[in-house]
Amino acid sequence: MTAMLDAFFTRLAGTGTVLAHLPGQRGIPYLAPERLQKKRDARVRRIVRYAAATVPYYRQLFRQQGIDPRDIRGADDLDRLPLLEKAWVRADPEHFRSQSRSGRRAIPFETSGSTRSPLTAYHDPMSVAANLAFCEPEKEVVRRFFGRGRPVRQISIYYPGSSVLQIWDVYRRITFVPPPAEHLVLSVTDPLDKVVAALNAFRPDLLIGYGSYLESLFRMAHARQITLHPPKLVMYGADMMTEPGKRLIEEQFGIPVYSRYRAVESFQIGFTCEKGQGFHIRGDLCDMKLVGAQGQRVPAGEPGEIVISNFVNRGTVLLNYRLGDVGVMSGAPCGCGRTLPVLTGLLGRAEDALILADGRIVDPRLVWNVFKDRPEIVRYQLVQHEPARFALKLVTTDREAYDRIGSAVAADLRELLGSVRIDTSFCERLESSASGKFRPVVSHCSAGAPR
C-alpha cells in the first residue's frame with residue numbers, strides 16, 4: 001500500500017510540474033530578445049549557484065579558481081568557466097551529478113555510444129516531467145501543419161532501449177499525462193517488409209525516427225519502387241539526414257521534413273519550423289555558443305564546435321559542455337517570426353545506415369552492440385563498399401589484442417549482417433573527418449545514394 005501511495009504522489013507531483021511549466025510555452029519562441037535574455041539569465045544564476053553548492057566538480061572548480069558563483073550573472077559570464085570535455089563526464093559521471101535530493105533521485109540515461117563511447121547523464125524526475133511542457137513549441141509547429149482538433153496518427157521507429165523510449169517510460173511512471181492515442185512504435189531491427197507493411201496498414205499522418213534510418217527507408221522505397229503509404233509529415237532527430245536525402249523525400253514523395261535537435265545531455269536544444277531555415281535554439285532552456293579550435297567564440301556564419309549549458313536539469317549539471325557537434329549560427333532572424341537564435345547548419349552528426357543485399361536496413365547502433373562489451377577495442381570503423389562487401393578497421397589496445405579478437409568480431413558482424421565478406425585490418429589510429437566528427441559506420445552503397 002505504501003509503495004502504491006508513493007507512486008501516486010510521485011505522479012501527482014510530476015503532473016503538477018508539467019502544469020506549472022505549461023503556461024506561456026507556446027509564446028516563448030516569439031518573446032522580444034530582451035525578455036528572452038532576462039529569462040535565460042535568471043536560469044543561469046540559479047543553476048550556477050546550485051552547481052557550486054551541490055555538484056562535486058563545480059564546488060572544486062569555483063574553489064580552485066577563486067570564482068564567486070554570484071559573479072556569474074548571465075550566459076555571457078559562462079565564458080569565465082573552462083570548456084567541459086565530454087571525456088571527463090564519460091570517465092566519472094558521478095563527479096558531475098548533484099549531491100542534492102534531486103540529484104540522488106535522478107534517473108540515468110545513456111547515450112547510444114555509436115562512437116563506442118557511451119556516456120551516462122542523470123536527469124532529476126521533475127526536470128523530465130517539465131520536458132513534457134517544454135515540448136510545446138515544437139508540438140505547436142506540428143499542430144499548425146495538421147490543424148487543431150483532430151488526433152494525429154503517428155509511427156515512431158527507434159532502436160530497443162533508446163533514450164526516447166526510456167523517457168516515455170519515465171513519463172508514464174511520474175505523470176498522469178496520457179500518451180498519444182494513435183501511436184505505433186516500430187524498431188529499427190524490424191525487417192524492411194515489416195516496416196513497409198506497418199506503414200501501409202496503419203497509414204500514419206506523422207512518421208518519426210532517426211535521420212539516417214528514415215533516409216535509407218525512403219531511398220530504398222524509391223530505388224526499388226516499393227509502394228509506401230506517404231505520411232503527411234516526416235520528423236527526424238538523434239542523427240542527421242543528408243540534404244540530398246531530405247530533398248528526395250520532399251520532392252519525390254511530396255512529404256515535408258522537419259527535425260528536432262536533442263541530446264541525452266540536454267533534452268531540449270532546438271527544432272525546425274515551417275520555413276525550414278534551421279534549428280530554433282531553446283535559449284531559455286540551454287545556452288549555445290560555437291567555438292573554434294582554441295575555444296574562442298566564432299562569429300555567425302562560420303562553423304564551430306557546439307558548446308551548450310543546460311539550465312533545467314538538477315541531476316547531471318553541464319555548463320560550457322562540448323557536445324561534439326559542429327554547426328553554423330545565423331546572424332539573421334528566421335522569416336517565421338520566432339525570435340529564438342537560429343542554427344542554420346548542423347554538421348558532422350550524420351551516421352550511415354547499412355542497406356544489405358536482401359533489403360534489410362541495419363542501424364549503426366546495432367553494429368555498436370557487437371563492440372560495446374569488448375574493452376580491447378579502442379575504436380572501430382565499418383565501411384560498406386558493396387551490399388555484401390565490408391572493410392572493418394580496428395584500433396585495439398595492442399596488436400596482440402587484435403590477433404586475439406579480430407576473427408571473432410568479424411564472425412559476430414556476419415551473424416548480424418548475414419552472408420557478407422568482411423576484410424579486417426589493424427590500425428594504429430583512425431582519423432576524424434574534416435568536420436571534427438568520427439563516423440564509425442560508413443556506407444558507400446545506400447540504395448539511390450549519390451556516388
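Which side chain meets Glu274 in a salt bridge? Hello everyone, let me start there. The partner is Arg144, and the N to O distance is 3.8 Å. Please keep in mind as we go that this is a predicted model.

Let's see where those two residues sit. Glu274 is in the loop between β8, residues 266-272, and β9, residues 279-281. Arg144 belongs to helix α7, which covers residues 136-146. The two are 130 residues apart, so this pair links distant parts of the chain. How covered are they? Glu274 is partly exposed, at a relative accessible area of 34%, and Arg144 is partly exposed too, at 48%.

This pair also has company. Arg144 and Glu274 belong to a network of salt bridges that also takes in Arg26, Glu136, Glu140, Arg143 and Arg338. If you count salt bridges over the model, you arrive at 32.

Here is another one to find on your screens. Glu305 and Arg322 bring their side chains together in a salt bridge, with 2.9 Å from N to O. Glu305 is in strand β11, residues 303-310, while Arg322 is in strand β12, residues 321-329, so the bridge ties together parts that lie 17 residues apart in sequence. Is Arg322 buried or exposed? Its relative accessible area is 15%, and because buried means under 20%, Arg322 counts as buried.

Now move along to Arg389. Its salt-bridge partner is Glu386, and their closest N and O atoms are 3.6 Å apart. Both ends are partly exposed: Glu386 has 41% relative accessibility, and Arg389 has a relative accessible area of 28%.

Arg389 also brings us to a pair of strands. Strand β17, residues 389-396, pairs with strand β18, residues 421-426, in the parallel sense, over 6 bridges. Across from Arg389, in β18, stands Arg421. How does the chain get from β17 to β18? The path goes through helix α13, residues 399-417, and this β-α-β crossover is right-handed.

Let's turn to a helix with two sides, α9, which spans residues 192-202. Its buried residues are Leu192, Val195, Val196, Ala198, Leu199 and Phe202. Why do we say that they line one face? Looking down the axis of α9, you find the buried residues within an arc of 160°, so they line one face of the helix. Over on the other side of α9, Asp193 and Ala201 are exposed.

Next, the surface. Which residues make up a nonpolar patch there? They are Met1, Met4, Leu5, Phe8, Phe9, Leu12 and Phe176, and together they have about 760 Å² of accessible area. Let me pick out Met4, which is found in helix α1, residues 2-21. Met4 has 58% relative accessibility, and since exposed means over 50%, Met4 counts as exposed.

One last stop, at Arg224. You will find Arg224 in the loop between α10, residues 211-223, and β6, residues 233-237. With 42% relative accessibility, Arg224 counts as partly exposed. If you would like a sense of scale, look from Arg224 to Cys273: they are 49 residues apart along the chain, and 31 Å separates their C-alpha atoms.

To go back to where we began, the Glu274 and Arg144 bridge joins a loop to helix α7, and both residues take part in the network of salt bridges. Thanks for listening!

Note on methods
Residues numbered from 1 in each chain as written. Predicted model: local features only at pLDDT ≥ 70, side-chain atom pairs only at ≥ 80, totals over all residues. Heavy atoms only, no water. Pairing = 2+ DSSP bridges. Helix = DSSP H or I, 4+ residues; strand = E, 2+ residues; numbered from the N terminus. Right-handed = clockwise from strand over helix to strand, strands pointing away. Patch = residues over 30% accessible without salt bridge, like charges linked within 9 Å, V, L, I, M, F, W, Y side chains within 5 Å. Areas by Shrake-Rupley, 256 points an atom, 1.4 Å probe, with all protein chains shown as cover. Salt bridge = Lys/Arg side-chain N within 4 Å of Asp/Glu carboxyl O. Buried < 20%, exposed > 50% of the residue type's maximum accessible area, 1.4 Å probe, protein only. Arc of directions from axis to C-beta.
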